[in-house]
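Reader: I am new to structures and want to know what lies behind the labels. Can we go through them one by one?

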Amino acid sequence: MSFNTQRNKKPAWRRIALSAAVVAVTLGASACGHLHLIAGGAERPAAAEFGLGPRPSAAQLYTATLLPRQPLRLRQLETVPVRIADASGRPVAGVAIAVSGGMPEHGHGLPTQPRVTRALADGVYEIEGVRFSMGGWWQLTLAIESPAGADSVTFNLSL
Amino acid sequence: MTLPIRLRLGAATLASLLVIGSAGASGRGPAERLKLEDVTALALDSLPPLPRDAGNVRADEPAVADFGHRLFFDARLSANGQVSCATCHDPRREFQDGAPLARGAGTTDRRTMPIAATAHSPFLFWDGRKDSLWAQALGPLESAVEHGGTRAQYAHVIARHYRQDYERLFGALPDMREVPASAGPLGDARARAAWNGMSRVDRDAVTAVFVNVGKAIAAYERRIGYGASRFDRFVAAWKRDGKAPADVLQADELAGLALFVGKANCTQCHNGPLLTNNEFHNTGIPARAGLPDDRGRRPAVAAVQSDEFNCRSRWSDARPGECAELEFLATASAALERAFKVPSLRNVAERAPYMHAGQIATLADVLRHYNRGPAAPAGRTELKPLGLAAEELRQLEAFLRTLSGGVTGPAGYLAPPSSHE
């Protein structure tokens with residue numbers, strides 16, 4: 001996490017424009033009816049938080065990158081390789097990974113129980129048995145353990 | 001609708017012109033913002049090829065399917081000689097029976113499910129307790145309230161009436177003189193005693209015949225699919241012509257489609273070309289009075305993992321590693337409590353009453369249920385009240401009716417086999 005040590009010095013007109021933009025986006029979203037989809041209570045993160053990585057784990061012990069061999073589909077069991085590197089970018093062998101996740105907006109977890117079934121070379125592990133049962137915002141959380149320590153990383157995916 | 005045809009066409013044209021012309025325009029309804037990419041995934045031509053059934057190597061052989069066709073309609077495969085698969089899965093009625101609860105030898109606790117395109121479904125039954133079509137077919141055959149018979153009895157039926165066909169496809173039948181008239185592990189006390197009195201070799205031989213009966217029926221069922229509906233023709237014309245056609249869906253139906261993919265949230269579960277994600281969800285369906293508690297998927301995950309005929313069983317042709325659905329099954333989630341399978345919405349208008357014990361009589365009632373989102377009798381409903389207006393519910397129903405397109409199959413498969421076969 002980075003800390004903004006500078007005081008916010010935006011001019012007033014910028015603040016008003018920003019507020020107007022937020023209001024416009026909100027009105028647009030409610031016209032689409034999407035606001036009341038957010039029933040699980042979670043707020044969708046910014047676009048930069050989405051994607052396959054590389055993504056640092058919470059305590060920065062690891063960096064993880066999802067490496068699907070083809071675009072992720074709906075309704076099919078998927079195998080998703082993930083590369084685990086340490087803080088200096090070196091691939092890490094011999095980690096244990098537990099997979100969890102779900103759809104925060106709907107308040108449900110994963111419809112299957114994926115797990116790592118194979119360790120390949122160069123810190124790549126195959127997660128098998130992932131299924132995305134509907135379109136929308138999914139989270140995939142990997143709890144990673146190795147002699148270097150335990151940490152977790154969450155990917156945000158839009159399907 | 002009683003509007004003259006020109007007015008109806010005019011309304012539809014207006015609606016579709018608005019659909020084409022106004023991405024992002026403010027003050028328009030959802031139908032006007034509908035995009036082709038919102039709907040192509042729901043069209044029948046997005047259906048992937050039939051997945052291979054790893055557990056049934058004979059599943060795609062036409063001769064095996066022909067044999068299964070005959071078995072499907074044969075009422076001799078029942079204790080009272082009056083119940084065939086077609087008794088409940090009537091091809092003239094979408095392969096179902098229009099009744100709240102299925103009736104064979106007795107009355108079951110659940111609604112008959114349609115069979116079209118079920119080869120695309122990893123789990124069968126409302127609770128998914130079977131993981132293949134062939135394993136599913138064997139369930140009702142040995143259920144006391146459905147076909148009511150036992151596997152030994154069915155082996156005798158095959159030997160008496162189908163010996164040549166069976167042996168040509170599957171090899172020699174066992175010596176039936178050693179086999180009791182009725183015996184099986186799931187029958188009444190007498191049938192179970194007779195089963196336990198058989199040698200292990202004889203029991204396996206009879207089970208092998210029983211398994212082949214299931215695999216043949218599954219090979220037949222695999223070939224039953226959904227016909228193209230007016231909705232599919234709408235999407236096909238839109239893709240072909242680059243603009244939404246004016247004369248395929250009426251204004252209400254188009255508005256219903258926009259709601260379906262939009263704020264009615266239907267595509268959360270009813271997604272893909274079969275309008276089902278094949279998952280299990282608790283939608284707060286009320287319990288039917290007089291029936292035992294129905295916990296749906298929750299107990300069924302253990303049942304499918306220990307099923308005698310599952311993908312991992314000795315009767316399955318699957319090799320190690322080919323049973324991924326069982327391998328990665330979610331077993332421990334509380335969300336499975338009173339969760340039931342999402343049915344396909346194709347031909348849904350033809351299949352009243354609705355839900356797992358036929359609890360909801362009409363489509364209009366179904367939509368009112370989703371709009372209200374009442375609490376579930378057990379577990380937790382995933383529904384949230386939608387706040388749709390009565391007119392919007394009518395539009396949704398109008399759209400659902402456009403999904404009817406009948407069922408398809410090879411020549412003759414939608415009727416009993418002709419007698420010369």
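Author: Start in a loop. B:Met355 lies between β3 and α14 of chain B. Keep in mind that this is a predicted model.

Reader: Why is B:Met355 called buried?

Author: Count its neighbours. B:Met355 has 21 other C-beta atoms within 10 Å. The cut-off is 20 or more. So B:Met355 counts as buried.

Reader: What is notable about the phi of B:Met355?

Author: The angle is near 85°, a positive value in a residue other than glycine. Most residues other than glycine have a negative phi.

Reader: Which other residue that is not glycine has a positive phi?

Author: B:Asn278 is one, with phi near 60°. B:Asn278 sits in the loop between α11 (251-261) and β2 (280-281) of chain B.

Reader: How do you know whether B:Asn278 is buried or exposed?

Author: Use the count again. B:Asn278 has 23 other C-beta atoms within 10 Å. Buried needs 20 or more. Therefore B:Asn278 is buried.

Reader: What kind of peptide bond joins B:Ala352 and B:Pro353?

Author: That bond is cis, with omega about -10°. B:Pro353 lies in the loop between β3 (340-341) and α14 (363-372) of chain B.

Reader: What is the omega of the bond from A:Gly53 to A:Pro54?

Author: Omega is near 5° there, and the bond is cis. A:Pro54 belongs to the loop between α1 (12-32) and β1 (55-56) of chain A. Most peptide bonds are trans.

Reader: Now a helix. How do you know that the span of α10 in chain B agrees with its number of residues?

Author: Helix α10 of chain B covers residues 230-241, which is 12 residues. At 1.5 Å a residue, the helix should span 16 Å. Its end C-alpha atoms are 16 Å apart, so the two agree.

Reader: Which residues of α10(B) are buried?

Author: They are B:Phe231, B:Asp232, B:Phe234, B:Val235 and B:Trp238.

Reader: What puts these buried residues on the same side of α10(B)?

Author: Their arc does. The buried residues cover only 160° around the axis, which puts them on the same side of α10(B). The general reason is the helix turn: with 3.6 residues a turn, residues three or four places apart point the same way.

Reader: What does the face turned away carry?

Author: The exposed residues B:Arg240 and B:Asp241 are on that face of α10(B). The cover over the buried residues includes α2 (36-39) of chain B. Just after the helix, B:Gly242 takes a positive phi of about 80°.

Reader: What makes B:Val235 a buried residue?

Author: B:Val235 has 25 other C-beta atoms within 10 Å. The threshold is 20, so B:Val235 is buried. Leaving aside neighbours within four places in sequence, B:Val235 is in contact with B:Val39, B:Thr40 and B:Ala43.

Reader: Why is B:Phe67 called buried?

Author: B:Phe67, in helix α3 (residues 62-72) of chain B, has 27 other C-beta atoms within 10 Å. Set that against 20 or more, and B:Phe67 is buried.

Reader: How far apart in space are B:Phe67 and B:Val213?

Author: Their C-alpha atoms are separated by 8.8 Å, while the two residues are 146 residues apart along the chain. Now take B:Val235 and B:Thr381. They are also 146 residues apart in sequence, but their C-alpha atoms are 33 Å apart.

Reader: What makes chain B as compact as a globular protein of its length?

Author: Chain B has 15 helices and four strands. Its radius of gyration is 23 Å, close to the 22 Å from the globule rule for 421 residues, so chain B is as compact as a globular protein of that length. Buried residues make up 50% of chain B.

Reader: What is the secondary structure of chain A?

Author: Chain A has one helix and nine strands. Buried residues make up 24% of its 159 residues.

Reader: How confident is the predictor in chain A?

Author: The mean pLDDT of chain A is 84, and 74% of its residues reach 70 or more. Over residues 1-8 of chain A the pLDDT is below 50, and this stretch has zero contacts beyond near neighbours in sequence.

Reader: How many residues of chain A are in contact with chain B?

Author: There are 19 in chain A, in contact with 21 residues of chain B. The side of chain A that touches chain B has nine nonpolar, eight polar and two charged residues.

Note on methods: Residues numbered from 1 in each chain as written. Chains lettered and ligands numbered in written order. Predicted model: local features only at pLDDT ≥ 70, side-chain atom pairs only at ≥ 80, totals over all residues. Contact = placed C-beta atoms within 7 Å. Nonpolar A, V, L, I, M, F, W, Y, C, P; charged D, E, K, R; others polar. Helix = DSSP H or I, 4+ residues; strand = E, 2+ residues; numbered from the N terminus. Expected span 1.5 Å × (residues − 1). Buried ≥ 20, exposed ≤ 12 C-beta atoms within 10 Å, placed from the backbone. Arc of directions from axis to C-beta. pLDDT = per-residue confidence, 0-100. Rg over C-alpha atoms; globule rule 2.2 N^0.38 Å.
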